[in-house]
Amino acid sequence: MEVVGYGTQEASAKLSPLKFTREDPRAGEIAIEVTHCGVCHSDLHQARDDWDNTVWPCIPGHEVVGTVTAVGEGVTKFKVGDRAGIGCMVNSCQECDQCDMGHEQYCTGPKSCTLTYNGPKKPDGTNTYGGYSTGFVVREEFALTIPDAIDLEHAAPILCAGITTYQPMKYFGLKEGMTLGVAGIGGLGHMAVQIGKALGAKVVALTTSPGKKDAIEKLGADAVIDVNDGDAMEANAQTIDLIVNTIPYQHDLNPYLALMKAKSQIAVVGNFLGFDDLDTATMVFQHVGVTGSLIGGVADTQEVLELCAKHDIRPEIEMIRMDEINTAFERMQEEDVRFRHVIDMASLRDDKDAADKAVKIDDPVRGEVVGR
Ligand SMILES: [Zn+2]
Ligand SMILES: [Zn+2]
């Protein structure tokens with residue numbers, strides 16, 4: 001399958017058209033015509049090599065949805081014409097303890113799980129290319145069924161932003177009678193607010209953008225606290241059972257620690273770069289855990305899709321054309337996006353100019369995407 005994508009071959013370059021071949025689906029695999037792909041903050045970090053682990057070329061995109069165009073032998077979950085989604089993973093060993101528990105993201109197999117783009121943990125000459133592309137091939141175990149009630153463009157952000165915030169709520173048993181704090185109300189946070197409400201919790205939004213207050217209340221938040229307002233923070237000391245911290249860069253965690261009840265948890269899902277001067281005294285005296293959580297397994301991702309369908313939870317999206325991605329990255333960095341960009345992939349499929357000028361990638365394209 002000839003595919004046109006958008007990616008970059010170096011950290012300082014803008015994303016531009018690239019073309020490559022995805023091999024046709026083998027047994028157990030499906031091909032998808034990508035209709036939409038969400039733009040995650042991690043796409044920007046990865047494309048700019050902020051985590052110092054990018055494998056070039058980098059074609060981002062892990063909120064991928066579309067229509068099944070071909071199925072390999074033995075596929076049972078999908079038929080041609082079905083709608084399907086792909087989140088942050090495309091493969092895992094399927095036999096270790098973590099995979100058995102449905103936590104493929106923590107697979108302990110020899111190659112751990114394979115991420116949807118920038119796949120291999122250790123660069124070994126293979127790579128995976130993500131959903132900023134016109135087509136995708138994946139083993140069916142890693143493809144999600146999109147509930148009928150959800151439009152494809154709204155389904156896309158659930159596949160990373162939805163599951164990443166749902167997972168710690170599920171793990172820590174968030175329910176009615178508990179108070180959830182959501183730190184950072186962007187792509188992930190605005191989903192966390194809605195999911196927390198659906199689970200019956202009181203939801204407190206913690207933001208440094210008080211200008212978003214009305215929009216955040218519309219999402220269902222019971223309270224919106226400006227983290228830079230000392231009085232408001234003090235008034236809410238020791239009131240929160242679980243914070244899902246979606247802030248995607250280094251920041252001071254200590255003001256958030258002061259909000260936590262005894263024996264509570266802060267789950268960090270977006271900052272991979274550490275915290276300076278963590279107030280361990282509060283952590284000890286209040287038994288506050290600071291933990292991490294990475295996306296979520298396939299079954300949990302399907303579960304959050306169904307939850308969103310049942311409770312009418314939808315991401316707030318702004319559709320963009322593929323050739324607007326560089327501007328979208330800049331706006332995301334300036335926090336000028338409310339709340340999620342979604343790429344209309346027809347804009348790339350119909351862009352003859354992009355196909356003509358796309359640079360051909362010669363690397364082995366299959367990589368580990370569909371290897372078993
Ligand atoms: Zn993401
Ligand atoms: Zn495994």
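## A tour from strand E3 outward

Start by selecting strand E3 in this predicted model: the strand is mostly covered, with 10 of its 11 residues buried. E3 is a good place to begin, as several stops on this tour connect to it.

**Stop 1: the partners of E3**

Keep E3 highlighted and add E4. These two strands pair in the antiparallel sense, over seven bridges. To find the register, click on Ile 30, whose bridge partner in E4 is Val 71.

Now bring in E8, residues 135-139. E8 also pairs with E3 in the antiparallel sense, here over five bridges. For a landmark, pick Glu 33 and look across to Gly 135, its bridge partner in E8.

Next, select residues 340-344, which make up strand E17. E17 and E3 run antiparallel and are joined by four bridges. Colour Gly 38 and you should find Val 342 of E17 standing opposite.

While you have these strands on screen, you may like to show their side chains. In a regular strand, side chains alternate between the two faces of the sheet.

**Stop 2: the zinc ion**

Follow the chain out of E3, which spans residues 29-39, and you arrive at Cys 40, in the loop between E3 and helix H1 (41-47). Which residues coordinate the zinc ion (ligand 1)? Select Cys 40, His 62 and Cys 160: their donor atoms are SG, NE2 and SG in that order, and they sit at 2.0 to 2.2 Å. Along the sequence these donors follow the spacing C-x21-H-x97-C.

Two of them, Cys 40 and His 62, link distant parts of the chain. His 62 belongs to the loop between H1 and E4 (64-71), 22 residues from Cys 40.

Are Cys 40 and His 62 buried or exposed? Both are buried. Cys 160 has a relative accessible area of 5%, so this donor counts as buried too, the cut-off being under 20%.

Staying with cysteines for a moment, select Cys 96: this residue is buried, with a relative accessible area of 9%. If you are looking for disulfides, the count for this model is zero.

**Stop 3: the loop between H1 and E4**

Now display the loop that leads from H1 to E4, the loop that also holds His 62. There are three residues to visit here.

Begin with Asp 52, which is located in this loop. Check its backbone: phi is positive, at about 60°, although Asp 52 is not a glycine. Its relative accessible area is 66%, and because exposed means over 50%, Asp 52 belongs to that class.

Move along to Thr 54, in the loop between H1 and E4 as well. Thr 54 is buried, with a relative accessible area of 10%. What does Thr 54 touch, once neighbours within four places in sequence are left aside? Its contacts are Gln 46, Asp 49 and Asn 118. Zoom in on Gln 46, where the backbone oxygen is 2.6 Å from a polar atom of the Thr 54 side chain.

The last residue at this stop is Pro 57, again between H1 and E4. Look at the peptide bond that runs from Trp 56 to Pro 57: this bond is cis, with omega near -5°.

**Stop 4: another positive phi**

Jump to Ile 295, in the loop between strand E15 (289-292) and helix H10 (298-310). Ile 295 is not a glycine, yet its phi is positive, at about 30°. Is this residue buried or exposed? Ile 295 counts as buried, at 9% relative accessibility.

**Stop 5: an open sheet of three strands**

Select E1, E2 and E18 together. The three strands form an open sheet, in the order E1-E2-E18, with mixed pairing. E1 (2-7) and E18 (359-360) are the edge strands, each pairing on one side only.

Zoom in on E1 and E2, the latter covering residues 16-21. E1 and E2 run antiparallel and are joined by six bridges. Pick Tyr 6 and you will see Pro 17 of E2 standing opposite.

**Last stop: colour by confidence**

Finally, switch the colouring to pLDDT. The mean over the protein is 93, and 95% of the residues reach 70 or more. Then select residues 364-372, where the pLDDT is below 50. How many contacts does this stretch have in the model, beyond near neighbours in sequence? The number is 38.

Note on methods:
Residues numbered from 1 in each chain as written. Chains lettered and ligands numbered in written order. Predicted model: local features only at pLDDT ≥ 70, side-chain atom pairs only at ≥ 80, totals over all residues. Heavy atoms only, no water. Donors = N, O, S within 2.8 Å, 3.2 Å for Na, K, Ca; no water. Buried < 20%, exposed > 50% of the residue type's maximum accessible area, 1.4 Å probe, protein only. pLDDT = per-residue confidence, 0-100. Contact = heavy atoms within 4.5 Å. Disulfide = S-S within 2.5 Å. Polar contact = N/O pair within 3.5 Å; in protein donor to acceptor, adjacent residues only side chain to side chain. Pairing = 2+ DSSP bridges.
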